[in-house]
Amino acid sequence: MTQYHYQDHAARYQDPGAPVAPAYQQQAAHPQHTGPHDPSAYLQQHDAQLAGQFAQRFHLLATNIERIIRGKHEAIELALICLFAEGHLLVEDVPGTGKTTLARSLAASVDAEWRRIQFTPDLLPSDITGVSIFNQAQQTFEFHHGPVFANIVLADEINRASPKTQAALLEVMEERRVTVDAEPHPVPRPFLVVATQNPVDMDGTYPLPEAQLDRFLMKISVGYPDHASEVEVLKGMPTGPQVERLPVVARSSDVAGMIDFASRIHVADPVYDYIVALVAATRTSPHLRLGASPRGSLALLRAARVKAAAAGRHYVVPEDVKALAVPVLAHRLILTPEAELRDFTAATALTELLTTMPVPQAA
C-alpha cells in the first residue's frame, strides 16, 4: 500500500492580496533553514488560513442557495464545485425537481451576469453566439454578442435543439471564446454553462453526442425532495424565499480569486497516480465499451482540488477523488451491449472499480 505525507512539498504560492515580509521570501530560498521562522511552516499555515476562508465563502453560498432548493445539499455542493473548478454542469432529471431553479439560485447568489437560453428545435447557432451586422454609417461589420457572453449561462432543455445548434457551445465550453468570421471573442470570467435536460420525454429531442458530454465537468440529477423538505416548500409558498430576493453573497471578483486559489491546491504524487490509475481502469473494464479520456482525468483533478478547499484543506486526499468519481466520470463512459442487457450502469461500473482499486494511505 502506497504511503505518503499529504503536505510533502507543499505548493509555494502567495495570496496576491496579502503582502509577505521580505524575510520569509529570503528564507524560502534556503530550505535548510529550520529556525523559528521556518518558511515551510509559515507557508503551510498561510495556506491553511486561505483554505479556511475559501470554505467559509463556499458554505455561505451553499446555505444561501439552500434557502430556495431545500434538502439538496449534495446537488448544490456539486454545482458550486463546477463553478470554482471552471467546469460546466449538466443536470438531467424529470420536470419539476428544481433544475432551472438551481441554476437561477446560483446566479442570484453571485453578483455576476447571467443569461437563460431556451433551447428549441428552431434555435440557430447565431441565436447563441451572436452575429455580425453591417453598420451602414461606418461601413463596417459590428459583432453583436449573443446570450452566451455572460458569467453563468443556463441552457434550458439543451437536447431540444438540433445538433448544429448544440455544436455552437463546443468551442466556448472548451476554450471560453467564440469565433465569428475568423475573429475570436472571449467570454467573461468566471464562465459556467448549466445545461438541463429531461430524460423521460424523448420525442423531438437530440441526444448530446459524446464530444459534447465530455465537455461537461459533471452530470448530476437533483431528484425528488424528501418528505420534510417538500412540506417546507409547501409552507413557504407564496410568501417564502424567492430567487429574485436572494441576497448576493459573492462578487464575480471573489469567485475569480477562489478559482485561482483552488487551482493551486497541493496534490501529492500518489494522488496523481491514483487518479490516472482509476481513469485508466475505465478503459480496460469488461463492462465498458468506451472509457474516460485524459480530459476526464483533468476534470477529476480540478474538482478534487475544489472539494479539498471547500473542506478547509490546502491539500487533496484520496477521499476527495472517490467522492467525485461518479458525477465527474460516469457520463463519459459507454457500456457494452452485454452490460446494458443486464441493466448495468456506468455508475455501477465505477463503484466496482473504486472498491477494488488500492487507495494510497497517509503515512
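These questions and answers cover the fold, a sheet, a hairpin and a helix pair in a predicted model.

User: How many helices and strands does the chain have?
Analyst: The model is predicted. Its chain holds 363 residues, and buried residues make up 50% of them. Residues 24 or more positions apart account for 79% of the contacts with a separation of 6 or more. The count is 15 helices and 15 strands.

User: What is the strand order of the open five-stranded sheet?
Analyst: The pairing in this sheet is parallel. From one strand to the next, the twist averages 15 degrees. The order reads β4-β7-β10-β2-β11.

User: Which are the edge strands of that sheet?
Analyst: An edge strand here pairs on one side only. The order of the sheet begins with β4 and ends with β11. The edges are therefore β4 (114–118) and β11 (218–220).

User: Which residue in β10 is the bridge partner of L89?
Analyst: Strand β2 covers residues 89–92, and β10 covers residues 192–197. The two run parallel and are joined by four bridges. The partner of L89 is V194.

User: What angle does the direction of helix α4 make with that of β7?
Analyst: Helix α4 spans residues 99–109 and packs on the sheet. It touches β2, β4, β7 (152–156) and β10. Its direction makes an angle with that of β7 of about 170 degrees.

User: Where does the cis peptide bond lie, and what is its omega?
Analyst: The bond joins R189 and P190. P190 sits in the loop between β9 (183–186) and β10. Omega is about 0 degrees.

User: Which side chains of β8 are buried?
Analyst: Side chains alternate along β8. R177 and T179 point to one face and are not buried. Pointing to the other face, the buried ones are V178 and V180.

User: Which residue in β9 does V178 stand opposite?
Analyst: β8 and β9 run antiparallel. Four bridges join them. Opposite V178 in β9 stands H185.

User: How many residues lie between the strands in the hairpin of β8 and β9?
Analyst: D181 is placed in the loop between β8 (177–180) and β9. A182 is found in that loop as well. In the hairpin, D181 takes a positive phi near 55 degrees. The number of residues between the strands is two.

User: What is the phi of A182, and is the residue buried or exposed?
Analyst: A182 is a residue other than glycine, yet its phi is positive, near 65 degrees. Its relative accessible area is 68%. The cut-off for exposed is over 50%, so A182 counts as exposed.

User: Why does D181 count as exposed?
Analyst: Exposed means over 50% relative accessible area. D181 passes that cut-off because its relative accessibility is 58%.

User: Is α11 parallel or oblique to α12?
Analyst: α11 covers residues 269–284 and α12 covers residues 294–310. Their axes come within 10 Å and cross at roughly 140 degrees. The antiparallel class needs an angle over 145 degrees, and the perpendicular one ends at 115. That makes α11, relative to α12, oblique.

User: What is the handedness of the crossing of α11 and α12?
Analyst: The axes of the two helices come within 10 Å. As α11 passes α12, the crossing is right-handed.

User: How do the residues of the contact of α11 with α12 divide by type, and how many are nonpolar?
Analyst: α11 contributes Y272, I275, L278, V279 and R283. They meet P294, S297, L300, L301 and R305 in α12. One residue is polar and two are charged. The number of nonpolar residues is seven.

How values were computed: Residues numbered from 1 in each chain as written. Predicted model: local features only at pLDDT ≥ 70, side-chain atom pairs only at ≥ 80, totals over all residues. Heavy atoms only, no water. Axes fitted to C-alpha atoms, helices over the stretch in contact; angles between N-to-C directions. Contact = heavy atoms within 4.5 Å. Parallel < 35°, antiparallel > 145°, perpendicular 65-115°, else oblique. Left-handed = near helix turned anticlockwise from the far one by under 90°. Nonpolar A, V, L, I, M, F, W, Y, C, P; charged D, E, K, R; others polar. Buried < 20%, exposed > 50% of the residue type's maximum accessible area, 1.4 Å probe, protein only.
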